[in-house]
Amino acid sequence: QVQLVESGGGLVQAGGSLRLSCAASGNIFSINAMGWYRQAPGKQRELVAIISWSGGSTYYADYVKGRFTISRDNAKDTVYLQMNSLKPEDTAVYYCAAGRGGTYPQGYKYWGQGTQVTVSS
């Protein structure tokens with residue numbers, strides 16, 4: 001089993017920044033990649049960014065490319081999502097996920113509890 005604990009959400013004005021953290025523990029050797037997803041009210045969960053467990057490869061959804069950065073601290077087994085130039089449409093619950101990888105939620109066996117990000121206009 002892998003446990004994921006997220007932190008860092010909150011309320012920010014449009015144009016502002018937030019950094020989300022996701023600390024992994026447990027059987028982390030089973031993790032191949034970690035991702036951030038988000039889900040806004042009434043919408044499907046959508047991919048935000050992915051990073052390989054080694055940290056060498058990253059992937060971004062087009063709607064966050066150039067504004068968000070995913071990174072990993074190997075020593076802390078923690079993945080970060082730095083979010084800059086936030087827009088009201090970025091408002092959602094953000095989930096950290098870990099597992100095999102890929103761009104579909106089915107590729108991730110473990111999920112965090114979610115953290116709310118609200119961007120005011």
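Let me start with a word we will need: a residue is buried when its relative accessible area is under 20%, exposed when that area is over 50%, and partly exposed in between, using a 1.4 Å probe and protein chains only. Hello everyone, and thanks for listening.

Some ground rules. What you see is a predicted model, where local features need pLDDT of at least 70, side-chain atom pairs count only at pLDDT 80 or more, and totals for chains, interfaces and linings use all residues. Residues are numbered from 1 along each chain as its sequence is written, and side-chain values use heavy atoms, with hydrogens and water left out.

Let's begin with the strands. Strands are DSSP runs of E with at least two residues, numbered from the N terminus. Two of them pair if DSSP finds at least two bridges between them. Here, 4 strands make an open sheet, in the order β1-β3-β8-β7, with antiparallel pairing. Which strands are at the edges? They are β1 (2-7) and β7 (68-73), each pairing on one side only. Direction ignored, neighbouring strands in this sheet are turned by 15 degrees against each other on average; the axes here are lines fitted to C-alpha atoms, and angles run from 0 to 180 degrees between N-to-C directions.

Now look at β1. It is joined by 6 bridges to strand β3 (residues 18-26), and the two run antiparallel. Within that pairing, E6 stands opposite C22, and Q3 has S25 as its bridge partner. The side chains of β1 alternate: V2, L4 and E6 point to one face and are buried, while Q3, V5 and S7 point to the other and are not.

At the other edge, β7 alternates too: F68, I70 and R72 are buried on one face, whereas T69, S71 and D73 point to the other face and are not buried. Strand β7 is joined to β8 by 6 bridges, again antiparallel, and R72 stands opposite V79 in β8. R72 also has its charged end over the ring of W53, 3.6 Å from the ring's centre. To count as sitting over a ring, NZ of Lys or CZ of Arg must be within 6 Å of the ring centre and within 35 degrees of the ring normal.

Between β7 and β8 there is a hairpin with 4 residues between the strands, and there D77 takes a positive phi near 50 degrees. Most residues other than glycine have a negative phi, so keep an eye out for exceptions. D77 is buried, at a relative accessible area of 18%. Leaving aside its neighbours within four places in sequence, D77 is in contact (heavy atoms within 4.5 Å) with C22, A23, A24, I28, W53 and R72. S85 also has a positive phi of about 50 degrees without being a glycine. S85 lies in the loop between β8 and β9 and is partly exposed, at 40% relative accessibility.

Next, the inside. A nonpolar core is a set of buried Ala, Val, Leu, Ile, Met, Phe, Trp, Tyr and Cys residues joined through side-chain atoms within 4.5 Å. In the largest one, which has 32 residues, L4, M34, W36, L81, M83 and Y94 touch the most other members. Elements giving two or more residues to this core include β1, β3, β7 and β8 (78-83). Apart from it lies another core, of 6 residues, among them A33, Y37, I50 and Y108.

Two of those names bring us to the rings. Rings of Phe, Tyr and Trp (its six-membered ring) pair if their centres lie within 6.5 Å; planes under 30 degrees apart are stacked, over 60 edge-to-face, and the rest tilted. The model has 3 aromatic pairs by this rule. Why is the pair of Y37 and Y108 called edge-to-face? Because their planes are at 70 degrees, with the centres 5.8 Å apart. Y37 is in strand β4 (residues 33-39) and Y108 in strand β10 (residues 108-111), 71 residues apart, so this pair links distant parts of the chain. Y37 is buried at 1%, and Y108 is buried at 4%. Ring pairs link both of them with W111 into a cluster, and the charged end of R45 sits over the ring of W111, 4.8 Å from its centre.

One last stop: is K109, in strand β10, buried or exposed? K109 is exposed, with a relative accessible area of 62%. Thanks, everyone!
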